[in-house]
Amino acid sequence: MDAIIDYFSRLEHLPLHRGAYLFGGLFFFFLIENTLPLFKASYNKTKHSGLNIFFTLTTIVINFAMAFILAWAAVFVEANNFGILNWMGASILICMTLGLLLMDFIGAWLAHYIEHHVTWMWQFHVIHHTDQNVDTTTGNRHHPGESVIRFLFTVIAVLIVGPPLWLVFMYQTISVILTQFNHSNVKMPSWLDAGLRLVICTPNMHRVHHHYRQPYSDSNYGNIFSFWDRIFGTYVVADNSKLIYGVDTYMDKEITEDIVALLKLPFQGHKEHITYKEDENL
Ligand SMILES: [Zn+2]
(Lines give C-alpha, C1' and ligand atoms only; values in the text may rest on other atoms or scores of the structure.)
Protein backbone atom coordinates (compact mmCIF):
# COMPACT_ATOMS: atom_id res chain seq x y z
CA MET A 1 0.00 0.00 0.00
CA ASP A 2 2.79 2.41 0.94
CA ALA A 3 4.52 1.66 -2.35
CA ILE A 4 1.33 2.53 -4.28
CA ILE A 5 0.91 5.79 -2.38
CA ASP A 6 4.59 6.61 -2.83
CA TYR A 7 4.38 5.90 -6.56
CA PHE A 8 1.40 8.18 -7.14
CA SER A 9 2.91 10.86 -4.87
CA ARG A 10 6.08 11.31 -6.91
CA LEU A 11 5.01 14.15 -9.15
CA GLU A 12 8.23 14.40 -11.12
CA HIS A 13 7.78 11.15 -13.06
CA LEU A 14 4.00 11.23 -13.37
CA PRO A 15 3.56 13.16 -16.65
CA LEU A 16 5.95 10.77 -18.43
CA HIS A 17 4.50 7.63 -16.83
CA ARG A 18 0.91 8.71 -17.51
CA GLY A 19 1.80 9.29 -21.15
CA ALA A 20 3.31 5.79 -21.17
CA TYR A 21 0.12 4.30 -19.68
CA LEU A 22 -2.03 6.11 -22.20
CA PHE A 23 -0.07 5.05 -25.28
CA GLY A 24 0.90 1.67 -23.76
CA GLY A 25 -2.79 1.02 -23.04
CA LEU A 26 -3.79 2.05 -26.55
CA PHE A 27 -1.18 -0.30 -28.01
CA PHE A 28 -2.13 -3.16 -25.65
CA PHE A 29 -5.87 -3.02 -26.37
CA PHE A 30 -5.16 -2.39 -30.06
CA LEU A 31 -3.25 -5.71 -30.17
CA ILE A 32 -5.99 -7.57 -28.30
CA GLU A 33 -8.86 -6.20 -30.39
CA ASN A 34 -7.02 -7.04 -33.60
CA THR A 35 -6.38 -10.60 -32.39
CA LEU A 36 -9.88 -11.21 -31.04
CA PRO A 37 -12.19 -8.63 -32.64
CA LEU A 38 -15.94 -8.51 -32.04
CA PHE A 39 -16.58 -6.69 -35.34
CA LYS A 40 -14.21 -7.33 -38.27
CA ALA A 41 -12.71 -4.04 -39.46
CA SER A 42 -14.20 -2.99 -42.78
CA TYR A 43 -12.90 0.56 -42.47
CA ASN A 44 -9.61 2.37 -42.91
CA LYS A 45 -8.06 1.73 -39.49
CA THR A 46 -5.14 4.12 -40.02
CA LYS A 47 -7.41 7.03 -40.93
CA HIS A 48 -9.82 6.15 -38.11
CA SER A 49 -7.03 5.91 -35.50
CA GLY A 50 -5.38 9.09 -36.81
CA LEU A 51 -8.54 11.15 -36.23
CA ASN A 52 -9.15 9.67 -32.79
CA ILE A 53 -5.52 10.11 -31.75
CA PHE A 54 -5.72 13.77 -32.81
CA PHE A 55 -8.60 14.23 -30.34
CA THR A 56 -6.68 12.21 -27.74
CA LEU A 57 -3.72 14.59 -28.12
CA THR A 58 -5.91 17.68 -27.69
CA THR A 59 -7.32 16.04 -24.53
CA ILE A 60 -3.78 15.47 -23.21
CA VAL A 61 -2.73 19.08 -23.95
CA ILE A 62 -5.82 20.49 -22.17
CA ASN A 63 -5.39 18.23 -19.14
CA PHE A 64 -1.69 19.03 -18.94
CA ALA A 65 -2.25 22.79 -19.29
CA MET A 66 -4.90 22.79 -16.55
CA ALA A 67 -3.28 20.22 -14.23
CA PHE A 68 -2.22 22.96 -11.80
CA ILE A 69 -5.93 23.63 -11.02
CA LEU A 70 -6.42 19.98 -10.10
CA ALA A 71 -3.27 20.02 -7.95
CA TRP A 72 -4.51 23.21 -6.27
CA ALA A 73 -7.88 21.57 -5.49
CA ALA A 74 -6.19 18.51 -3.94
CA VAL A 75 -3.84 20.69 -1.85
CA PHE A 76 -6.79 22.90 -0.81
CA VAL A 77 -8.95 20.02 0.47
CA GLU A 78 -6.03 18.52 2.39
CA ALA A 79 -4.91 21.83 3.95
CA ASN A 80 -8.48 22.77 4.95
CA ASN A 81 -9.63 19.29 5.98
CA PHE A 82 -12.37 19.63 3.38
CA GLY A 83 -14.41 16.97 1.54
CA ILE A 84 -16.13 13.69 2.42
CA LEU A 85 -12.95 11.62 2.99
CA ASN A 86 -11.41 14.26 5.26
CA TRP A 87 -14.63 14.70 7.25
CA MET A 88 -14.81 10.93 7.74
CA GLY A 89 -11.18 10.70 8.84
CA ALA A 90 -11.08 7.48 6.80
CA SER A 91 -8.28 4.91 7.05
CA ILE A 92 -6.00 4.58 4.00
CA LEU A 93 -7.82 1.51 2.64
CA ILE A 94 -11.29 3.06 2.99
CA CYS A 95 -9.95 6.36 1.68
CA MET A 96 -8.66 4.60 -1.45
CA THR A 97 -11.76 2.44 -2.07
CA LEU A 98 -14.40 5.05 -1.30
CA GLY A 99 -12.31 7.76 -2.97
CA LEU A 100 -12.08 5.82 -6.26
CA LEU A 101 -15.80 5.00 -6.13
CA LEU A 102 -16.90 8.59 -5.50
CA MET A 103 -14.41 10.14 -7.93
CA ASP A 104 -15.72 7.76 -10.61
CA PHE A 105 -19.31 8.63 -9.69
CA ILE A 106 -18.98 12.43 -9.76
CA GLY A 107 -16.08 12.87 -12.19
CA ALA A 108 -17.25 10.31 -14.76
CA TRP A 109 -20.79 8.86 -14.36
CA LEU A 110 -22.51 12.08 -13.27
CA ALA A 111 -20.47 14.24 -15.67
CA HIS A 112 -21.40 11.90 -18.52
CA TYR A 113 -25.09 11.77 -17.53
CA ILE A 114 -25.26 15.58 -17.41
CA GLU A 115 -23.51 15.84 -20.80
CA HIS A 116 -26.33 13.77 -22.27
CA HIS A 117 -29.08 15.89 -20.71
CA VAL A 118 -27.81 19.49 -20.98
CA THR A 119 -28.11 20.60 -24.59
CA TRP A 120 -24.96 22.73 -24.93
CA MET A 121 -22.84 20.05 -23.24
CA TRP A 122 -24.32 17.37 -25.51
CA GLN A 123 -23.28 19.46 -28.54
CA PHE A 124 -19.66 18.94 -27.42
CA HIS A 125 -20.06 15.33 -26.23
CA VAL A 126 -21.73 14.27 -29.49
CA ILE A 127 -18.30 14.21 -31.19
CA HIS A 128 -17.47 11.16 -29.05
CA HIS A 129 -20.68 9.49 -30.25
CA THR A 130 -20.18 10.23 -33.96
CA ASP A 131 -17.66 7.39 -34.25
CA GLN A 132 -19.24 4.67 -36.38
CA ASN A 133 -16.42 2.20 -35.69
CA VAL A 134 -15.95 2.06 -31.93
CA ASP A 135 -12.59 0.68 -30.83
CA THR A 136 -10.02 1.43 -28.17
CA THR A 137 -9.03 4.71 -29.89
CA THR A 138 -12.63 5.98 -29.47
CA GLY A 139 -12.11 6.14 -25.70
CA ASN A 140 -10.47 9.57 -25.76
CA ARG A 141 -12.15 10.96 -28.87
CA HIS A 142 -13.31 14.13 -27.13
CA HIS A 143 -13.83 17.61 -28.56
CA PRO A 144 -11.42 20.04 -26.77
CA GLY A 145 -14.51 21.75 -25.29
CA GLU A 146 -15.61 18.46 -23.78
CA SER A 147 -12.12 17.87 -22.39
CA VAL A 148 -12.47 21.18 -20.50
CA ILE A 149 -15.99 20.21 -19.25
CA ARG A 150 -14.75 16.81 -18.05
CA PHE A 151 -11.71 18.38 -16.42
CA LEU A 152 -13.93 20.81 -14.48
CA PHE A 153 -16.11 17.91 -13.28
CA THR A 154 -12.95 16.20 -12.00
CA VAL A 155 -12.04 19.37 -10.07
CA ILE A 156 -15.59 19.50 -8.60
CA ALA A 157 -15.25 15.80 -7.66
CA VAL A 158 -11.97 16.54 -5.83
CA LEU A 159 -13.59 19.42 -3.91
CA ILE A 160 -16.54 17.23 -2.84
CA VAL A 161 -14.68 13.97 -2.18
CA GLY A 162 -11.50 15.46 -0.67
CA PRO A 163 -8.94 12.89 -1.89
CA PRO A 164 -5.20 13.29 -1.32
CA LEU A 165 -3.19 14.18 -4.45
CA TRP A 166 -1.85 10.62 -4.89
CA LEU A 167 -5.41 9.31 -5.07
CA VAL A 168 -6.35 11.87 -7.72
CA PHE A 169 -3.49 10.66 -9.92
CA MET A 170 -4.30 7.02 -9.19
CA TYR A 171 -7.95 7.64 -10.15
CA GLN A 172 -6.96 9.38 -13.40
CA THR A 173 -4.59 6.54 -14.37
CA ILE A 174 -7.23 3.84 -13.75
CA SER A 175 -9.85 5.98 -15.50
CA VAL A 176 -7.80 6.24 -18.73
CA ILE A 177 -7.04 2.50 -18.81
CA LEU A 178 -10.70 1.57 -18.18
CA THR A 179 -11.85 3.97 -20.91
CA GLN A 180 -9.54 2.28 -23.40
CA PHE A 181 -10.66 -1.14 -22.16
CA ASN A 182 -14.41 -0.56 -22.29
CA HIS A 183 -14.27 0.95 -25.79
CA SER A 184 -12.08 -1.84 -27.21
CA ASN A 185 -13.48 -3.97 -30.02
CA VAL A 186 -12.56 -7.17 -28.21
CA LYS A 187 -14.66 -10.31 -28.27
CA MET A 188 -14.85 -11.43 -24.67
CA PRO A 189 -16.14 -14.82 -23.45
CA SER A 190 -19.53 -14.36 -21.77
CA TRP A 191 -18.37 -15.95 -18.48
CA LEU A 192 -15.52 -13.43 -18.23
CA ASP A 193 -17.78 -10.52 -19.17
CA ALA A 194 -20.42 -11.61 -16.63
CA GLY A 195 -17.83 -11.82 -13.86
CA LEU A 196 -16.09 -8.54 -14.62
CA ARG A 197 -19.25 -6.48 -15.11
CA LEU A 198 -20.33 -7.22 -11.54
CA VAL A 199 -17.71 -4.62 -10.62
CA ILE A 200 -16.34 -2.80 -13.68
CA CYS A 201 -17.73 -1.56 -17.00
CA THR A 202 -16.84 -4.10 -19.69
CA PRO A 203 -16.76 -3.50 -23.45
CA ASN A 204 -19.99 -5.52 -23.85
CA MET A 205 -21.68 -3.18 -21.40
CA HIS A 206 -20.33 0.14 -22.68
CA ARG A 207 -20.83 -0.60 -26.41
CA VAL A 208 -24.60 -0.44 -25.90
CA HIS A 209 -24.12 3.26 -25.07
CA HIS A 210 -22.68 3.74 -28.58
CA HIS A 211 -25.75 2.37 -30.41
CA TYR A 212 -26.93 5.13 -32.76
CA ARG A 213 -30.43 5.51 -31.33
CA GLN A 214 -32.03 6.31 -28.04
CA PRO A 215 -32.86 4.91 -25.56
CA TYR A 216 -29.69 2.80 -25.87
CA SER A 217 -27.40 5.83 -26.23
CA ASP A 218 -28.86 7.10 -22.94
CA SER A 219 -27.79 4.01 -20.99
CA ASN A 220 -24.61 2.53 -19.46
CA TYR A 221 -22.86 5.84 -18.73
CA GLY A 222 -20.27 4.27 -16.41
CA ASN A 223 -16.52 4.35 -16.88
CA ILE A 224 -14.75 2.42 -14.11
CA PHE A 225 -17.47 0.88 -11.90
CA SER A 226 -20.73 -0.67 -13.14
CA PHE A 227 -22.58 0.06 -9.87
CA TRP A 228 -23.77 3.56 -10.77
CA ASP A 229 -25.84 2.51 -13.79
CA ARG A 230 -27.40 -0.29 -11.75
CA ILE A 231 -28.23 2.06 -8.86
CA PHE A 232 -29.67 4.86 -11.03
CA GLY A 233 -31.66 2.64 -13.41
CA THR A 234 -29.60 3.30 -16.54
CA TYR A 235 -28.14 -0.22 -16.77
CA VAL A 236 -29.14 -1.93 -20.03
CA VAL A 237 -28.16 -5.29 -21.48
CA ALA A 238 -28.37 -5.67 -25.27
CA ASP A 239 -27.20 -8.09 -27.93
CA ASN A 240 -23.90 -6.57 -29.08
CA SER A 241 -24.06 -8.20 -32.51
CA LYS A 242 -27.11 -6.05 -33.38
CA LEU A 243 -25.52 -2.72 -32.45
CA ILE A 244 -25.04 0.03 -35.01
CA TYR A 245 -22.47 2.57 -33.84
CA GLY A 246 -22.83 6.30 -34.24
CA VAL A 247 -25.51 8.85 -33.45
CA ASP A 248 -28.74 9.21 -35.43
CA THR A 249 -28.32 12.97 -35.87
CA TYR A 250 -24.90 12.74 -37.54
CA MET A 251 -24.41 9.67 -39.71
CA ASP A 252 -22.86 11.56 -42.65
CA LYS A 253 -19.23 10.40 -42.91
CA GLU A 254 -18.22 13.73 -44.49
CA ILE A 255 -18.75 15.12 -40.99
CA THR A 256 -17.96 12.15 -38.74
CA GLU A 257 -14.59 11.47 -40.38
CA ASP A 258 -13.44 15.08 -40.76
CA ILE A 259 -11.48 16.77 -37.97
CA VAL A 260 -12.40 20.35 -38.95
CA ALA A 261 -16.11 19.51 -39.35
CA LEU A 262 -16.10 17.81 -35.92
CA LEU A 263 -14.32 20.76 -34.29
CA LYS A 264 -17.03 23.10 -35.66
CA LEU A 265 -19.97 20.85 -34.77
CA PRO A 266 -20.77 22.19 -31.26
CA PHE A 267 -21.18 25.71 -32.65
CA GLN A 268 -23.66 24.79 -35.38
CA GLY A 269 -26.80 24.47 -33.31
CA HIS A 270 -28.61 21.60 -31.70
CA LYS A 271 -30.16 18.67 -33.55
CA GLU A 272 -32.91 16.70 -31.86
CA HIS A 273 -32.52 12.92 -31.68
CA ILE A 274 -34.66 10.96 -34.07
CA THR A 275 -35.92 8.59 -31.41
CA TYR A 276 -37.35 5.17 -32.06
CA LYS A 277 -37.99 4.08 -28.53
CA GLU A 278 -40.61 1.45 -29.32
CA ASP A 279 -39.67 -0.07 -32.63
CA GLU A 280 -36.36 -1.54 -31.65
CA ASN A 281 -35.50 -4.33 -29.30
CA LEU A 282 -31.87 -5.29 -29.19
ZN1 LIG B 1 -21.96 9.36 -23.99
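**Entry 1: Contact, and the pair α6 and α9**

I count two residues as being in contact if their C-beta atoms, placed from the backbone, lie within 7 Å. The model I consulted is predicted.

I looked up where helix α6 meets helix α9. On the α6 side I noted Cys 95, Met 96, Gly 99, Leu 100, Met 103 and Ala 108, and on the α9 side Leu 167, Tyr 171, Ile 174 and Ser 175. By class, I recorded 8 nonpolar and 2 polar residues in this contact, with no charged residue.

I then turned to the geometry. Two packed helices are described by the angle between their axes and the distance between the axes. For α6 and α9 (residues 165-183), I found an angle of about 60 degrees and axes 10 Å apart. I therefore entered α6 and α9 as oblique to each other. The crossing of α6 past α9 is right-handed.

**Entry 2: The pair α6 and α8**

I next examined α6 (residues 92-117) against α8, where the packing angle is about 140 degrees and the axes are 9 Å apart. How do α6 and α8 lie relative to each other? Angles over 145 degrees count as roughly antiparallel; α6 and α8 are therefore oblique to each other. Their crossing is right-handed.

I listed the residues that make the contact. From α6 they are Gly 99, Leu 102, Met 103, Ile 106, Gly 107, Ala 111 and Glu 115. From α8 they are Ile 149, Arg 150, Phe 153, Thr 154, Ile 156, Ala 157, Ile 160 and Val 161. The division by class is 10 nonpolar, 3 polar and 2 charged.

I also noted that Gly 99 and Met 103 of α6 appear in the contact with α8 and in the contact with α9.

**Entry 3: The pair α7 and α8**

I looked up α7 (residues 119-129) and α8 (residues 144-161), whose axes come within 8 Å and cross at roughly 110 degrees. The two helices are therefore roughly perpendicular to each other. I recorded the crossing of α7 past α8 as left-handed.

In this contact, α7 supplies Met 121, Phe 124, His 125, Ile 127 and His 128, while α8 supplies Gly 145, Glu 146 and Ile 149. I sorted these residues into 4 nonpolar, 3 polar and 1 charged. Ile 149 of α8 is in the contact with α7 and also in the contact with α6.

**Entry 4: The chain as a whole**

I then surveyed the whole chain. How many helices and how many strands does the protein chain have? I found 14 helices and 0 strands, so that the pattern along the sequence is α throughout, as in α-α-α-α-α-α-α-α-α-α-α-α-α-α.

I checked the radius of gyration, which is 19 Å for the protein chain. A compact globule of 282 residues would have a value near 19 Å, so the two agree. Along its principal axes, the C-alpha trace spans about 50 × 40 × 35 Å.

I noted that 38% of the 282 residues count as buried. Among contacts between residues at least 6 apart in sequence, 74% join residues at least 24 apart.

**Entry 5: Backbone details in the loops**

Most residues other than glycine have a negative phi, and most peptide bonds are trans. I searched for departures from this.

I found a cis peptide bond between Gln 214 and Pro 215, with omega about 0 degrees. Pro 215 is placed in the loop between α11 (203-207) and α12 (227-231). Asn 220 lies in the loop between α11 and α12 as well, and its phi is positive, near 45 degrees.

Asn 81 also has a positive phi, near 50 degrees. I located Asn 81 in the loop between α4 (67-79) and α5 (84-88).

Which of these residues is buried or exposed? A residue is buried if 20 or more other C-beta atoms lie within 10 Å of its own, and exposed if 12 or fewer do. Asn 220 has 27 such neighbours and is therefore buried. Asn 81 has 10 and therefore counts as exposed.

**Entry 6: Gly 269**

Last, I looked up Gly 269, in the segment after α14 (259-264). Gly 269 is exposed, because 8 other C-beta atoms lie within 10 Å. From Gly 269 to Ser 184 I noted 85 residues in sequence and 31 Å in space, C-alpha to C-alpha.

How values were computed. Residues numbered from 1 in each chain as written. Predicted model: local features only at pLDDT ≥ 70, side-chain atom pairs only at ≥ 80, totals over all residues. Axes fitted to C-alpha atoms, helices over the stretch in contact; angles between N-to-C directions. Helix = DSSP H or I, 4+ residues; strand = E, 2+ residues; numbered from the N terminus. Parallel < 35°, antiparallel > 145°, perpendicular 65-115°, else oblique. Left-handed = near helix turned anticlockwise from the far one by under 90°. Nonpolar A, V, L, I, M, F, W, Y, C, P; charged D, E, K, R; others polar. Rg over C-alpha atoms; globule rule 2.2 N^0.38 Å.
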